[in-house]
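Here is a short, friendly tour of one protein model. Keep the picture at hand and look for each residue as we come to it.

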Amino acid sequence: MTTLDKLIFCKNHGISISYIASRANVVPATLTRWLRGEKGMSRKNEEIIAITLQQLAQEIWEKLGE
């Protein structure tokens, strides 16, 4: 699953793009344009988003996986 696929999954399951962007310290419009296919994502930002999504998944697991 690509980082874009993971971002789409989160969006489709109620996690806002603004929230993810805030956690990643990225402008929300950057993620929105990437989701719409209007603009590519820099490697650096994609890595930041991937790490952010991994951290978010870990937090969810720690809270709900018990």
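Threonine 52 is buried in this predicted model. Its relative accessible area is 6%, and because buried means under 20%, the label fits. You can find threonine 52 in helix α4, which runs over residues 43-64.

**Around threonine 52**

- Setting aside neighbours within four places in sequence, threonine 52 is in contact with Ile20, Arg23 and Ala24.
- Isoleucine 20 has its own set of partners: Leu7, Cys10, Ile15, Leu31, Thr52 and Leu53, again not counting residues up to four places away in sequence.
- Thr52 therefore turns up in the contacts of isoleucine 20 too, where contact means heavy atoms within 4.5 Å.

**The nonpolar core**

- Which residues form the largest nonpolar core? The set has twelve residues: Leu7, Cys10, Ile17, Ile20, Ala21, Ala24, Val26, Leu31, Trp34, Met41, Ile49 and Leu53.
- Helices α1 (3-12), α2 (17-24), α3 (28-36) and α4 each supply at least two residues of this core.
- The helix that gives the most to this core is α2, with four residues.
- Ile20 and Ala24, both listed in the core, are also among the contacts of threonine 52.

**The overall fold**

- How many helices and strands does the protein have? The secondary structure comes to four helices and zero strands.
- Reading along the sequence, you meet the pattern α-α-α-α.
- The radius of gyration is 12 Å, close to the 11 Å that the globule rule gives for 66 residues, so the protein is as compact as a globular protein of that length.
- Along its principal axes, the C-alpha trace spans about 40 × 20 × 20 Å.
- Of the contacts between residues at least 6 apart in sequence, 52% join residues at least 24 apart.

**Surface and charge**

- Buried residues make up 24% of the 66 residues in the protein.
- The protein exposes about 4800 Å², and carbon and sulfur atoms supply 52% of that area.
- There are 9 positive and 7 negative side chains, and the centres of these two sets lie 8 Å apart.

**Residues in the loops and at the start**

- Asparagine 25 sits in the loop between α2 and α3. Its phi is near 60°, a positive value in a residue other than glycine.
- Is asparagine 25 buried or exposed? With 72% relative accessibility, asparagine 25 counts as exposed, because exposed means over 50%.
- Glycine 37 belongs to the loop between α3 and α4. Its relative accessibility is 61%, so glycine 37 counts as exposed.
- Glutamate 38 also has its place in the loop between α3 and α4. Here the relative accessibility is 52%, so glutamate 38 counts as exposed by the over 50% cut-off.
- Methionine 1 lies in the segment before α1. At 70% relative accessibility, methionine 1 counts as exposed.

**A residue in between**

- Where is tyrosine 19? You will find tyrosine 19 in helix α2.
- The relative accessible area of tyrosine 19 is 38%, so this residue is partly exposed. That value falls in between the limits, because buried means under 20% and exposed means over 50%.

**Distances to try on the picture**

These pairs compare separation along the chain with separation in space.

- Glycine 37 and lysine 63 are 26 residues apart along the chain, and their C-alpha atoms are separated by 33 Å.
- Methionine 1 and isoleucine 20 are 19 residues apart along the chain, with 18 Å between their C-alpha atoms.
- Tyrosine 19 and arginine 36 are 17 residues apart along the chain, and their C-alpha atoms are separated by 18 Å.
- Glutamate 38 and isoleucine 48 are ten residues apart in sequence and 20 Å apart in space, C-alpha to C-alpha.

Methods: Residues numbered from 1 in each chain as written. Predicted model: local features only at pLDDT ≥ 70, side-chain atom pairs only at ≥ 80, totals over all residues. Heavy atoms only, no water. Buried < 20%, exposed > 50% of the residue type's maximum accessible area, 1.4 Å probe, protein only. Core = buried A, V, L, I, M, F, W, Y, C linked by side-chain atoms within 4.5 Å. Rg over C-alpha atoms; globule rule 2.2 N^0.38 Å. Areas by Shrake-Rupley, 256 points an atom, 1.4 Å probe, with all protein chains shown as cover. Lys, Arg positive; Asp, Glu negative; His and termini not counted. Charge placed at Lys NZ, Arg CZ, Asp CG, Glu CD.
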